[in-house]
Amino acid sequence: MTRNRDLEVIRLKEHLKALRLPTMQAECAVLAQECQREGVDHLGFLLKLCELEVIERERKGAARRLKAAYLPAIKLVSEFDFPAQPTINRLLVLDLMRCDYINKKENVLLIGASGTGKTHLATSLAVEACSQGKRVRFYRVTDLVTQLLEAREERQLSRIRGQLSKLDLLVLDELGYVPMGKSGAELLFDVMSRAYERMSLIVTTNLPFENWTEVLDNERLTGATLDRLTHRCQIVETGGESYRLKDARRAKRSREMYKTESGSPTGPEQTPVYKDRPGA
Ligand code: ADP
Ligand code: MG
């Protein structure tokens, strides 16, 4: 009897392997014993076994998509200190985390000074999109432009365009930090116009719209790029004061306060140090 059962398990595992169901193959015997102990019926057992396979597939898929997105770091919205950046529309950001804008092929523009959390939020949106099954690729604009210029040189533009056309979301980080020259701007414009209404773009920039001509090197191109980008676009303004600077200043104030409290004669005015901190 036990020998028969062992043979059955071996054959079942072979079938599950042939059907490419590795988690069911690995878990079936142990789960069957558990279900028997707990009085779970056949359908209940099968349901649990299938759920394990689906969960594992989703996990592996998200990890694969995350790797293929080439994010500079993993940043989560839960790590973002919204009270510290009051310019940012928190509700809009949380709504964007639902990824509906990707289904609608809308764009997101994050605009604000350096250090105000643009890359952090763009990365968080990208992580969320990966976990919701979207194909994502993150580029610093200068890296993408360099790759496009090289690809054109090697007559490989169609290959890179083909890769980009498969995406659901393309993140273009740091538009406007470095002028990209006429050819670079044209190639970038080509990417953005191909994306238009076929996929979503997230663009981060420190440039107000009126200065885009300086970077894109051409008034007509700037107009056309802005037209496509901002048509059906959510704009998140991240403000003017760097979080890093604010953080450093807060730490400094806190050190000074400590000195004052411990009797230092050179202490500054008595600022309540943690008043503006979340949860304080
Ligand atoms: P930007 O892209 O606007 O120059 P970053 O997103 O790179 O700024 O932010 C700089 C650093 O500060 C990053 O490490 C980021 O995680 C952190 N940071 C910025 N704003 C916040 C915030 N509100 N809460 C937590 N960390 C933040
Ligand atoms: Mg940045």
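**Core and helix packing in a predicted model**

Visitor: Which residues does M180 touch, not counting residues up to four places away in sequence?

Guide: This is a predicted model, in which local features need pLDDT of at least 70 and side-chain atom pairs pLDDT 80 or more, while totals for chains, interfaces and linings use all residues. Residues are numbered from 1 along each chain as its sequence is written, chains are lettered from A and ligands numbered from 1 in the order written, and side-chain values use heavy atoms, without hydrogens and water. With contact taken as heavy atoms within 4.5 Å, M180 touches V141, V145, L175, A185, L188, V215 and L216.

Visitor: Which element gives the largest share of the largest nonpolar core?

Guide: Such a core joins buried (under 20% relative accessible area, 1.4 Å probe, protein chains only) Ala, Val, Leu, Ile, Met, Phe, Trp, Tyr and Cys residues through side-chain atoms within 4.5 Å. Here it has 34 residues, and M180 and L188 are among those touching the most other members. Helices (DSSP H or I, at least four residues) are numbered from the N terminus; the largest share, seven residues, comes from helix 9.

Visitor: Is helix 7 roughly parallel or roughly perpendicular to helix 9?

Guide: Axes are lines fitted to C-alpha atoms over the stretch in contact, with angles from 0 to 180 degrees between N-to-C directions. The two helices pack at about 100 degrees, their axes 9 Å apart. Since 65 to 115 degrees is the perpendicular range, helix 7 is, relative to helix 9, roughly perpendicular.

Visitor: How many disulfides does the structure hold?

Guide: A disulfide requires two cysteine sulfur atoms within 2.5 Å. The sulfur of C130 lies 9.2 Å from the closest cysteine sulfur, in C99, and is therefore too far for a bond. The number of disulfides in the structure is zero.

Note on methods: Buried means under 20% relative accessible area, exposed over 50%, partly exposed in between (1.4 Å probe, protein chains only). Angles under 35 degrees count as roughly parallel, over 145 as roughly antiparallel, 65 to 115 as roughly perpendicular and the rest as oblique.
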